[in-house]
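Let's walk through this model together, one question at a time. Have the sequence and the 3D view open as you read.

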Amino acid sequence: MQLHKILGDIRKADQDYNLIQDNDTIAVGVSGGKDSMVLLTALHMYSKFPDKHFKVIGIHIKMGFPNMDFTEIKNFCKNEGIELHLIESKIYDILKLHPGTDGNIQCSLCSRIRKSSVNNAAKQLNCNKVAFGHHSDDAVETLLMNGIFGGKLATFLPKMYLSKDDLTFIRPMVYSYESDVLNAQVNNNIPFVVSTCPNDGYTKRQEMKDLLDEFYKKYPMAKGNFQRMLYNEAQVELWHRENDHNKIKAEAKKPRILLEQDGYNLIQKGQTSFIDLHSKKQNIRVSDIEKQQLLNHKITIKEIIEKHKKI
């Protein structure tokens, strides 16, 4: 398999955002489309690198859409030595019972249920991370949609911890363009299944995709600059209204739960991190190094509590 561009992008994202650690078991959410199949294949190859020691599992949630045959994908995964699990669901039936105001399936509801189903399956298979095949173009489209429909500058993150599920969610292909993914799929004959979702091709995201395609034809340099814009924090210049700034400062001082583990919470308040001991009405302050070790699951809250007891 020739996946040099995708593998290079994955390694860069891994290094920039600390996505993958030794002994991770990563569940790849496999829709059956090009993006998820290229990610599953590339991440499996990446796990074989000499300096990498993690496991990849493919999880496909059977949505219930008609005429979606996964035979080729199952055969491909078997030949490549990729573990693949197909999980039954009734998501399509649920979606039909809760249509949007236009009578069509709600994409947002579908996305939430599908992600939740993948997370549940990942937990059952003892995975500690879930990976989805979102790429750079997806991130820019999300930024544009949030600006147009939400009045905010925001896109999805390469890595986020889901405290409710005790899973880390990663997007290893954030540096790859959709064209890179398509080339990898075509050049390596990676099988995929065409979606039979009735909304496919008629979504707001598709509108953003079409709009950006026209924009890039006129301003081709924008494609690379838009990707850079997503991480160029050093050159962010936005308006700061005094009242809003005061609210932000007040919010920053409120305690935030960063991690829930074994009945204890890792709390962030301002620049200080501490473990809340609840009934004992006292806290254990943790260093930035300890905080990162906790968030990367290299140490447990109980281990830190025991260490402080000995001091």
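Q: Is Glu88 buried or exposed?
A: A word on the source before the reasoning: this is a predicted model, in which local features need pLDDT of at least 70, side-chain atom pairs count only at pLDDT 80 or more, and totals for chains, interfaces and linings use all residues. Residues are numbered from 1 along each chain as its sequence is written, and side-chain values use heavy atoms, with hydrogens and water left out. Buried means under 20% relative accessible area, exposed over 50%, and partly exposed in between (1.4 Å probe, protein chains only). Since its relative accessible area is 62%, Glu88 is exposed.

Q: Which residue meets the side chain of Glu88 in a salt bridge?
A: A salt bridge here is a side-chain nitrogen of Lys or Arg within 4 Å of a carboxyl oxygen of Asp or Glu. The N to O distance for this pair is 3.0 Å. The partner sits in the loop between β2 and α3, while Glu88 is in the loop between β3 (83-87) and α4 (91-97), so the pair ties together parts that are 26 residues apart in sequence. With a relative accessible area of 31%, the partner is partly exposed; its name is Lys62.

Q: How many salt bridges does a search of the whole structure find?
A: Some of the residues involved are linked in a network, namely Glu141, Glu178, Arg205 and Lys209. Over the whole structure, the search finds 15.

Q: Which residue forms a salt bridge with Lys5?
A: Helices (H or I, at least four residues) and strands (E, at least two) are DSSP runs, numbered from the N terminus. Lys5 and its partner both lie in helix α1, four residues apart, about one turn of the helix. Lys5 is partly exposed at 42% relative accessibility, whereas the partner is buried at 9%. With the closest N and O atoms 2.6 Å apart, that partner is Asp9.

Q: How many residues apart are Lys12 and Asp16 in helix α1?
A: Their side chains meet in a salt bridge at 2.9 Å, N to O. Lys12 is partly exposed at 38% relative accessibility, and Asp16 is partly exposed at 41%. An α-helix has 3.6 residues a turn, so residues three or four places apart point the same way. Lys12 and Asp16 are separated by about one helical turn, because their spacing is four residues.

Q: What span should helix α2 have?
A: The expected span of a helix is 1.5 Å times one less than its number of residues. Helix α2 (residues 34-46) has 13 residues, and the distance between its end C-alpha atoms agrees with the expected span of 18 Å.

Q: How many residues of α2 are buried?
A: Among them are Ser36, Met37, Val38 and Leu39. The buried residues pack against α1 (4-17), β1 (25-29), β2 (55-61), α3 (71-80), β4 (129-131) and α7 (178-187). α2 is mostly covered, and its buried count is ten of 13.

Q: Which residue's backbone oxygen does the side chain of Ser36 reach?
A: Ser36 is in helix α2 and counts as buried at 5% relative accessibility. Leaving aside residues up to four places away in sequence, Ser36 touches Val28, Gly29, Val30 and Ser31 (contact means heavy atoms within 4.5 Å). At 3.3 Å, its side chain reaches the backbone oxygen of Gly33.

Q: Which element gives the most to the largest nonpolar core?
A: A nonpolar core is a set of buried Ala, Val, Leu, Ile, Met, Phe, Trp, Tyr and Cys residues joined through side-chain atoms within 4.5 Å. Of the 36 residues in the largest one, Ile6, Ile10, Ile20, Val28, Leu40 and Leu43 touch the most other members. At least two residues of this core come from each of α1, β1, α2, α3 and α7. With seven residues, the element that gives the most is α2.

Q: Which residue of β10 is the bridge partner of Ser273?
A: Two strands pair if DSSP finds at least two bridges between them. Strand β9 (residues 272-276) and β10 pair in the antiparallel sense over four bridges. Along β10 (residues 283-286), Ile284 and Val286 point to one face and are buried, while Asn283 and Arg285 point to the other and are not. The bridge partner of Ser273 is Val286.

Technical notes:
Polar contact = N/O pair within 3.5 Å; in protein donor to acceptor, adjacent residues only side chain to side chain.
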